[in-house]
Amino acid sequence: MEDANPSPVDWHRPARVDLAIGRWRETRARKAGYRASVIPYAGYGSSEWIRVLGRVILTREPAGQRRGEPTGARGWRSFTSVPVAGAEVVVEVGGARQQVQADHSGIVDAVVPASLSPGWHTIGISAEGSEAVPAKVMVVDPEEEFGIVSDIDDTVMVTALPRPLLAAWHTFVVNEHARATTPGMPVLYERLTTRHGDPPVIYLSTGAWNVAPTLTRFLSRNLYPPGALLLTDWGPTADRWFRSGREHKRASLERLAREFPKISWLLVGDDGQHDESIYTDFVESHPRNVRCVCIRQLTPGEAVLAGSSLRPHPAADHAGVPWLYASDGAGFAEELERVGLLEPDVQQPEVTS
C-alpha cells in the first residue's frame, strides 16, 4: 500500500490533477450535505494482528446505514462515489480501539494488533464519528500449512478482462447478475476447503477496489468459499499513469510469504494474462511456500477475446512444484486427485428397483 498521506509535491502531473479533482468533488459533496461512511472489505490476519481493509466515501445516507453498493448495481456506479482523502478511521477489535488513516483515495489498508482465535471474526470500522460498520476478518491458525490464492477474472469468473473494450463493458456496464462463473470451479473450491479443513482463501485480482462489493456478492452467490479480496486502487499513482496489476500481484504474494511462512499455497490463475510468469517467479523464489500451481487454459474463443496467444507452458514439475493445466473445475479436480491434493470423488451407484 502507498503511504497514507504522501506529499503531492513530487507527484507527476496526472496524479496531482487527479488529487485536485478529488478534493474539489469532496468539497462540493460536503457542502451538499454528504457525510463520511465506510465500505468494509473482508480482511485477514494472525492470532496477533489483523489487516483491516475498507474504503471511506461520502454518501447522503445516514451514518452506519450504508453496506456497500446496491445489490444488482451496474459497475459504473461504484466509480462515481466520492472518496475521503486521508480520513481518520477508528478500528474496534474486542473492545479495543485503534486509529488508522485512509490514503488519498479513501482506501483503508492497515495492520493493527489483535488477539483473536482462528476463524472468522467481526470487527467495527468507523470514520469521522460515524456509526461503526461491521467488517469480516479471517484469522489464520498459526499451525496452518495450506492455503489457496486464486485469481478472479477468467479463473473463477469469465470476463476476458485484458481486452480493453470488453473489460470496460464488464466493469462499467454489465449488471453483476449477468457475469458468468467458470464451469466447475465452485465445486472444486468447496472440495478443496472441505478436504483441507477450511484453509485460508485469498482472492487476488488486478481489479479496482471500487468493485469489491460486486465481486464479494458474485463469489457468495456462486457458492465460492469466503475469503479476503486483494485488489488495487483506481487511477494514477504518484509516479505513473496507471497502477501495475502485475506488480500488485507480485507484491501481494511476497507479503503473504512473509506473513505466513508456514503456509504452502495452491496458486490458481489462467493463461490469458500474466499469471504464469508471476507464479513462476514466486515458485523460484519461494518454492517452500507453493504446494501446487493450477493454470486454467482459456478456450480458443476466450483466448481471442483476452488477447492471448498460444505459447509453451512451464514444465509440469517446475522447481519441484506440480503445475496443473485444465479448462474447468472438473479437469482440475482430476489433476489434483492425481497429485494427492484431493480425495477421489466416489459417486454412489444408482439404486434401481
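This passage walks through the overall build of the structure, one strand pairing, two helix packings and a set of aromatic rings.

The model is predicted, so local features are reported at pLDDT of at least 70 and side-chain atom pairs at pLDDT 80 or more, while totals for chains, interfaces and linings use all residues. Residues are numbered from 1 along each chain as its sequence is written, and side-chain values use heavy atoms, with hydrogens and water left out.

The secondary structure of the protein comprises eight helices and 17 strands; these are DSSP runs numbered from the N terminus, with helices being H or I of at least four residues and strands being E of at least two. Of the 353 residues, 53% count as buried. Buried here means under 20% relative accessible area, exposed means over 50%, and partly exposed lies in between, using a 1.4 Å probe and protein chains only. Among contacts (heavy atoms within 4.5 Å) with a separation of 6 or more, 73% come from residues 24 or more positions apart.

Strand 6 (residues 107-113) offers a friendly place to begin. Five of its seven residues are buried. Strand 6 runs antiparallel to strand 2 (residues 49-59), and seven bridges join the two; strands pair if DSSP finds at least two bridges between them. One of the bridges can be followed by eye, with valine 52 partnered by alanine 110 in strand 6.

Attention now turns to helix 3 (residues 185-195). Its buried residues are Met185, Pro186, Leu188, Tyr189, Arg191, Leu192 and Thr193. They pack against several elements, including strand 9 (146-150), strand 12 (201-208) and helix 8 (329-338). The axes of helix 3 and helix 8 are 8 Å apart, at an angle of about 30 degrees; axes are lines fitted to C-alpha atoms, for helices over the stretch in contact, and angles run from 0 to 180 degrees between N-to-C directions. The two helices, helix 3 and helix 8, are therefore roughly parallel, a term for angles under 35 degrees (over 145 is roughly antiparallel, 65 to 115 roughly perpendicular and the rest oblique). Their crossing is right-handed, meaning that the near helix is turned clockwise from the far one by less than a right angle, whereas anticlockwise would be left-handed. At this packing, Met185, Leu188, Arg191 and Leu192 in helix 3 meet Gly329, Phe332, Ala333, Leu336 and Glu337 in helix 8. Just after helix 3, glycine 197 takes a positive phi of about 70 degrees.

Helix 5 (residues 245-259) and helix 6 (residues 275-285) have axes that come within 10 Å and cross at roughly 30 degrees. Helix 5 passes helix 6 in a right-handed crossing. Residues of helix 5 that take part include Arg246, Leu253 and Ala257, and those of helix 6 include Ile278, Tyr279 and Phe282.

Finally, the whole structure holds six aromatic pairs. Rings of Phe, Tyr and Trp (its six-membered ring) pair if their centres lie within 6.5 Å, with planes under 30 degrees apart counted as stacked, over 60 as edge-to-face and the rest as tilted. Tyrosine 41 and tryptophan 209 are stacked, because their ring centres are 4.8 Å apart and their planes lie at 5 degrees. Tyrosine 41 belongs to strand 1 (residues 35-45) and tryptophan 209 to the loop between strand 12 and helix 4 (212-221), 168 residues apart. Both tyrosine 41 and tryptophan 209 are buried. Tyrosine 44 and tryptophan 49 form an edge-to-face pair, because their centres are 6.1 Å apart and their planes lie at 75 degrees. Ring pairs link Tyr44, Trp49, Phe260 and Trp265 into a cluster.
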